[in-house]
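Got your viewer open and a selection box ready? Let's walk through this one stop at a time, starting with the whole chain and then picking out pieces.

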Amino acid sequence: GGYGAFSWDKALKEIYIGRNLKYQEENNGKIDYAPFYKGDFRGLTVEFGPTVTEIPHYCFYSSDFSSIDFSKATSLNSIGHHAFYWNNSCTEIDLRNCSSNLVIGERSFQDCDALQKVTIGGANQIVDYAFYDCNVLSRVDVLGDVSSVRPYAFCCPDLALVYFLSS
């Protein structure tokens, strides 16, 4: 497999996504064209702005960001399948400010082996395997309504605390 457009840019200091990204998603079934595919971005935060409504499939697949900032992503409705799959640096995901219509796609955060805590404000769907096999995920806080949680969405060996709280 190849690498994304920004995978080897070691001089990057900041990544701000202020609009929806579009790219050639597949190359004969491969994901080589995802812009941040296989990037080593440890020490960096990727931040999403208020006009972002979707994160494409595979966009950050196998990219190690230390932090993923959704705090301004108030219009985010969709996190595509495998979008953050196999990120081994990020320890916490906070989706509390995202749209209440949010769909967290299949395997979108699967195998994020450093992920310890997830906070969800509300969601339309948390799809199959969304947080599957996040080996150190120990806490999930759901602060609003969730219409559907699909099979194996949170199948994680260390998951000890799940709180459904009012926002």
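Start in cartoon view and look for helices: there are 0 of them in the chain, against 12 strands. Read along the sequence, the pattern is simply β-β-β-β-β-β-β-β-β-β-β-β. Keep in mind throughout that this is a predicted model.

**The whole chain**

Stay zoomed out for a moment. The C-alpha atoms fill a box of roughly 40 × 35 × 30 Å along the principal axes. Does the chain's radius of gyration agree or disagree with that of a compact globule? A compact globule with 167 residues would come out near 15 Å, and the chain has 15 Å, so the two agree.

Now switch on a surface. About 8,100 Å² is accessible, and 45% of that belongs to carbon and sulfur atoms. Of the 167 residues, 44% are buried. If you draw contacts with a separation of 6 or more, 52% of them come from residues 24 or more positions apart.

**First sheet: β1, β2 and β4**

Select residues 15-17, which are β1, and 64-69, which are β4. Add 40-48 for β2. These 3 strands form an open sheet in the order β1-β2-β4, with parallel pairing. β1 and β4 are the edge strands, each pairing on one side only. Neighbouring strands here are turned by 25 degrees against each other on average, ignoring direction.

Zoom in on β1 and β2, which pair in the parallel sense over 3 bridges. To see two residues facing each other, show I15 and V46: I15 stands opposite V46 in β2.

While β2 is on screen, show the side chains of D40 and R42. They form a salt bridge, with the closest N and O atoms 2.6 Å apart. R42 counts as exposed because its relative accessibility is 55%, whereas D40 is partly exposed at 32%.

**Second sheet: every other strand from β3 to β11**

Clear the selection and pick up β3, β5, β7, β9 and β11. These 5 strands make an open sheet in the order β3-β5-β7-β9-β11, again with parallel pairing. Which strands stand at the edges? They are β3 (54-55) and β11, each with a single partner strand, so one side of each is left without a neighbour in the sheet.

Inside this sheet, select 103-104 to find β7, which pairs with β9 in the parallel sense over 2 bridges. Show V103 too: V103 stands opposite Q125 in β9.

**A salt bridge between two loops**

Next, show R150 and D128. Their side chains meet in a salt bridge at 3.6 Å, N to O. R150 sits in the loop between β11 (146-149) and β12 (161-164), and D128 in the loop between β9 (123-126) and β10 (139-142), so the pair ties together parts that are 22 residues apart in sequence. The partners differ in cover: D128 is buried, with a relative accessible area of 18%, while R150 is partly exposed at 39%.

**A salt-bridge network, and T119**

Select K117, R139 and D141, which are linked in a network of salt bridges. Within that network, the side chains of D141 and R139 meet at 2.9 Å, N to O. D141 is buried at 7% relative accessible area, and R139 is partly exposed at 28%. A search of the whole structure finds 7 salt bridges.

Now move to T119 in strand β8, residues 117-120. Is T119 buried or exposed? With 1% relative accessibility, T119 counts as buried. Leaving out residues up to four places away in sequence, T119 touches I93, D94, L95, R96, D141 and L143. D141, then, is both a T119 contact and a member of the salt-bridge network.

**Last stop: two positive phi values**

Finish with the backbone. Most residues other than glycine have a negative phi. Here are two to check against that.

- Y58 has a phi near 65 degrees, a positive value in a residue other than glycine. Y58 lies in the loop between β3 and β4 and is buried, with a relative accessible area of 16%.
- H82 has a positive phi of about 60 degrees although it is not a glycine. Find H82 in the loop between β5 (78-79) and β6 (92-95); H82 is buried too, at 15% relative accessible area.

Conventions:
Residues numbered from 1 in each chain as written. Predicted model: local features only at pLDDT ≥ 70, side-chain atom pairs only at ≥ 80, totals over all residues. Heavy atoms only, no water. Helix = DSSP H or I, 4+ residues; strand = E, 2+ residues; numbered from the N terminus. Buried < 20%, exposed > 50% of the residue type's maximum accessible area, 1.4 Å probe, protein only. Contact = heavy atoms within 4.5 Å. Pairing = 2+ DSSP bridges. Axes fitted to C-alpha atoms, helices over the stretch in contact; angles between N-to-C directions. Rg over C-alpha atoms; globule rule 2.2 N^0.38 Å. Areas by Shrake-Rupley, 256 points an atom, 1.4 Å probe, with all protein chains shown as cover. Salt bridge = Lys/Arg side-chain N within 4 Å of Asp/Glu carboxyl O.
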